[in-house]
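This briefing goes through one protein model, from its overall make-up to its core, its helices and a few single residues. Please keep the sequence and the structure in view while reading.

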Amino acid sequence: MGHQEFVCHLGTWADAASGVVSSMIVCQCLATNEAAIREIHALGGTTVSDVYQHCGAGSDCAGCVATIQAVLDQCALATLEDEHPRARVRV
Ligand code: FES
């Protein structure tokens, strides 16, 4: 999973049902949104360090590191629940 495989993006994307949907900005210094972090996770990134290596998020003021970790944790839980639908994880 190299940096060239992923381009951080900011802003909105078209939603088939309702039009435009925006994604929460997680890292203001590097203009990285939640969707970008979820995409990094989908590509195999599981740590804050992976996110940093792919788009630099978290590398400036580090004020977003806890939020990056929270998004990664949500992704991990969703993956776990998809793989084991009868074992709902409660946090
Ligand atoms: S908000 Fe992410 S490095 Fe500053």
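Helices and strands are here DSSP runs, of at least four residues for a helix and at least two for a strand, numbered from the N terminus. In this predicted model, the elements of the protein follow one another from the N terminus as β-β-β-β-α-α-α, which comes to three helices and four strands.

**Overall make-up**

- The protein has 91 residues, of which 22% count as buried.
- Among the contacts in the protein with a separation of 6 or more, 48% are made by residues 24 or more positions apart.

**Nonpolar core**

- The largest nonpolar core comprises 14 residues, and those with the most contacts inside it are Val26, Ile37, Val51, Ala57 and Ile68; two or more residues of this core come from each of strand S3 (25–27), helix H1 (34–42), helix H2 (48–55) and helix H3 (65–83).
- Val51, one of the core residues just named, touches Ile37, Ile40, Gly45, Ala57, Gly58 and Ile68 when residues up to four places away in sequence are not counted.

**Helix H1**

- The buried residues of H1 are Ala36, Ile37, Ile40 and His41, and they lie on the same side of the helix because they cover an arc of only 145° around its axis.
- The cover over the buried residues of H1 includes S3, strand S4 (32–33), H2 and H3.
- After H1 comes Gly44, whose phi is positive, near 115°.

**How H1 and H2 meet**

- Two packed helices are described by the distance between their axes and by the angle between those axes.
- For H1 and H2, the axes come within 10 Å and cross at roughly 105°, and the two helices are therefore roughly perpendicular to each other.
- On the H1 side the residues that meet H2 are Ala36, Ile37 and Ile40, while on the H2 side they are Asp50, Val51, His54 and Cys55.

**Helix H3**

- H3 has 19 residues, and the distance from its first C-alpha to its last is 27 Å, close to the 27 Å expected at 1.5 Å a residue.
- Ile68, Val71 and Leu72 are the buried residues of H3, and they line one face of the helix because, seen down its axis, they fall within an arc of 95°.
- These buried residues of H3 pack against S3, H1 and H2.

**Two partly exposed residues**

- Asp50, which lies in helix H2, has 18 C-beta neighbours inside 10 Å and therefore counts as partly exposed, since a residue is buried only if 20 or more other C-beta atoms lie within that distance and exposed if 12 or fewer do.
- Leaving aside neighbours within four places in sequence, Asp50 is in contact with Ile40 and Gly45, whereas Asp50 and Ile37, 13 residues apart in sequence, are 9.8 Å apart from C-alpha to C-alpha.
- Arg38, which lies in helix H1, likewise counts as partly exposed, with 17 C-beta neighbours inside 10 Å.
- Outside its neighbours within four places in sequence, Arg38 is in contact with Val71 and Cys75, and although Arg38 and Ala76 are 38 residues apart in sequence, they are 9.9 Å apart in space, C-alpha to C-alpha.

Note on methods. Residues numbered from 1 in each chain as written. Predicted model: local features only at pLDDT ≥ 70, side-chain atom pairs only at ≥ 80, totals over all residues. Contact = placed C-beta atoms within 7 Å. Core = buried A, V, L, I, M, F, W, Y, C linked by C-beta atoms within 7 Å. Expected span 1.5 Å × (residues − 1). Arc of directions from axis to C-beta. Axes fitted to C-alpha atoms, helices over the stretch in contact; angles between N-to-C directions. Parallel < 35°, antiparallel > 145°, perpendicular 65-115°, else oblique.
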